[in-house]
Amino acid sequence: MPTLHATAFSLISSNNASLRFSESFLESLRYNIWQFFENLNEYVYATDIETYEMVYMNRKTLEAYGLKSLDEIKGRKCYEILQKSSIPCGMCNNDKICEGFFEEWRHYNSVIDKYLILKDTLVEDPQEHRKYRLEIGIDISEERIQDKALQKYNSMEALLNEGLRIALMAATP
C-alpha cells in the first residue's frame, strides 16, 4: 500500500505536469499539504475507492469517532467506521466522483451527531494505480440550529401579526 505522502507527491507531480516546480518546492508542498489536512478544523478522510478501506483520517476526524491513531483504522472499511454499518452506504457516491472536481452534498451523520456539508473528490496515485476518495466534511450543525430557531421566530411573528391584524379590524365596543 502506498504511503499517503508518496501518493500526495504523485498527485502534485502528475496534476501539475505543465507547471515547472523545483524538487525542493514539490517536497515542501507534499509535506505541507498533509500538515494542512492534519491541522484543518474540518473532518478529512481518504479511502481506497475499490476496497472501501480507510487509509487516512485527520486529527479532528479521529477524535470525532473516538479513535486515537491511524493504526486503529488499518484494514477497516469506511462504512464500518463512519456509519457503524456492515455494508457499503446507500448514499455512497464513489461512482460519481472524479479527479479534479468536487461533488458537494449534505448529510446528517448520526454516529457523530453532526450535520455536514461534504466535499468529495477522486485522487489517483499513478505509481500504484490506486484511486482514493478524499472527503472533507464541514460541520453546519450550529447553523442548522440557528436556522430552525429563526424559522420558529418567523412563524411566531407571522402568527402575532395575523392576530394583530384581526384584532385591529374588529369593531371596538
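## Exercises on charges, rings and cysteines

D139 is partly exposed, with 26% of its area accessible in relative terms. That residue opens the first exercise; keep in mind throughout that you are working with a predicted model.

### Exercise 1: A salt bridge between strands

Find the salt-bridge partner of D139 and say which elements the pair connects.

**Solution.**
- Step 1. Start with the partner: D139 forms a salt bridge with K114, and their closest N and O atoms are 3.7 Å apart. This falls within the 4 Å limit used for a salt bridge.
- Step 2. Place both residues. D139 is in strand β5 (residues 130-139), whereas K114 is in strand β4 (residues 114-125), so the pair links distant parts of the chain, 25 residues apart.
- Step 3. Check the surroundings of the partner. K114 is partly exposed, at a relative accessible area of 25%.

### Exercise 2: A salt-bridge network

Work out which residues are linked with R133 in a network of salt bridges, and whether they are buried or exposed.

**Solution.**
- Step 1. Look at D120. Its side chain meets that of R133 in a salt bridge, at 2.8 Å from N to O.
- Step 2. Map this pair onto the strands. Since R133 lies in strand β5 and D120 in strand β4, the bridge ties together parts that are 13 residues apart in sequence.
- Step 3. Turn to E135. R133 and E135 also meet in a salt bridge, here at 2.9 Å from N to O.
- Step 4. Join the contacts: D120, R133 and E135 are linked in a network of salt bridges.
- Step 5. Judge the burial. R133 and D120 are both buried, and E135 is buried as well. For context, 32% of the 173 residues of the chain count as buried.
- Step 6. Set the network against the whole: a search of the structure finds seven salt bridges.

### Exercise 3: Classifying ring pairs

Classify the geometry of the pair Y52 and Y79 and that of the pair Y108 and Y115.

**Solution.**
- Step 1. Begin with the total: the structure holds three aromatic pairs.
- Step 2. For Y52 and Y79, the ring centres are 5.7 Å apart and the planes meet at 70°, so this pair is edge-to-face. The angle that decides this is over 60 degrees.
- Step 3. Locate the two rings. Y52 is in the loop between β1 (43-48) and β2 (54-57), and Y79 is in helix α4 (residues 78-82); the pair links distant parts of the chain, 27 residues apart.
- Step 4. Compare their exposure. Y52 is partly exposed at 24% relative accessible area, while Y79 is buried at 9%.
- Step 5. For Y108 and Y115, the centres are 4.7 Å apart and the planes are at 45°, so the pair is tilted. Y108 counts as partly exposed at 33% relative accessibility, and Y115 does too at 25%.

A side note on Y52: in space, its C-alpha is 9.5 Å from that of G75, although the two residues are 23 apart in sequence. G75 is in the loop between α3 (59-64) and α4, and it counts as exposed at 54% relative accessibility.

### Exercise 4: A charge over a ring

Identify the ring over which the charged end of K60 sits, and give the distance to the ring centre.

**Solution.**
- Step 1. The ring is that of Y43.
- Step 2. The charged end of K60 is 5.0 Å from the centre of that ring.

### Exercise 5: Cysteines

Decide how many disulfides the structure has, using C78 and C89 as a check.

**Solution.**
- Step 1. A search of the whole structure finds zero disulfides.
- Step 2. For C78, the nearest cysteine sulfur belongs to C89 and is 6.2 Å away. A disulfide would need the sulfur atoms within 2.5 Å.
- Step 3. Add the exposure. C78 is buried at 10% relative accessible area, whereas C89 counts as partly exposed at 24%.

### Exercise 6: A nonpolar patch

Name the residues that make a nonpolar surface patch of about 350 Å².

**Solution.**
- Step 1. The patch is made by L160, L164 and L168.
- Step 2. Take L168 as an example: its place is in helix α5 (residues 141-169).
- Step 3. L168 counts as exposed, at 73% relative accessibility.

Note on methods
Residues are numbered from 1 along each chain as its sequence is written. This is a predicted model: local features need pLDDT of at least 70, side-chain atom pairs count only at pLDDT 80 or more; totals for chains, interfaces and linings use all residues. Side-chain values use heavy atoms; hydrogens and water are left out. Rings of Phe, Tyr and Trp (its six-membered ring) pair if their centres lie within 6.5 Å; planes under 30 degrees apart count as stacked, over 60 as edge-to-face and the rest as tilted. Helices (H or I, at least four residues) and strands (E, at least two) are DSSP runs, numbered from the N terminus. Buried means under 20% relative accessible area, exposed over 50%, partly exposed in between (1.4 Å probe, protein chains only). A charge sits over a ring if NZ of Lys or CZ of Arg is within 6 Å of the ring centre and within 35 degrees of the ring normal. Patches are made of residues with over 30% relative accessible area and no salt bridge: like charges are joined within 9 Å, nonpolar side chains (Val, Leu, Ile, Met, Phe, Trp, Tyr) within 5 Å. Accessible areas come from the Shrake-Rupley method with a 1.4 Å probe; for residues, only the protein chains shown count as cover.
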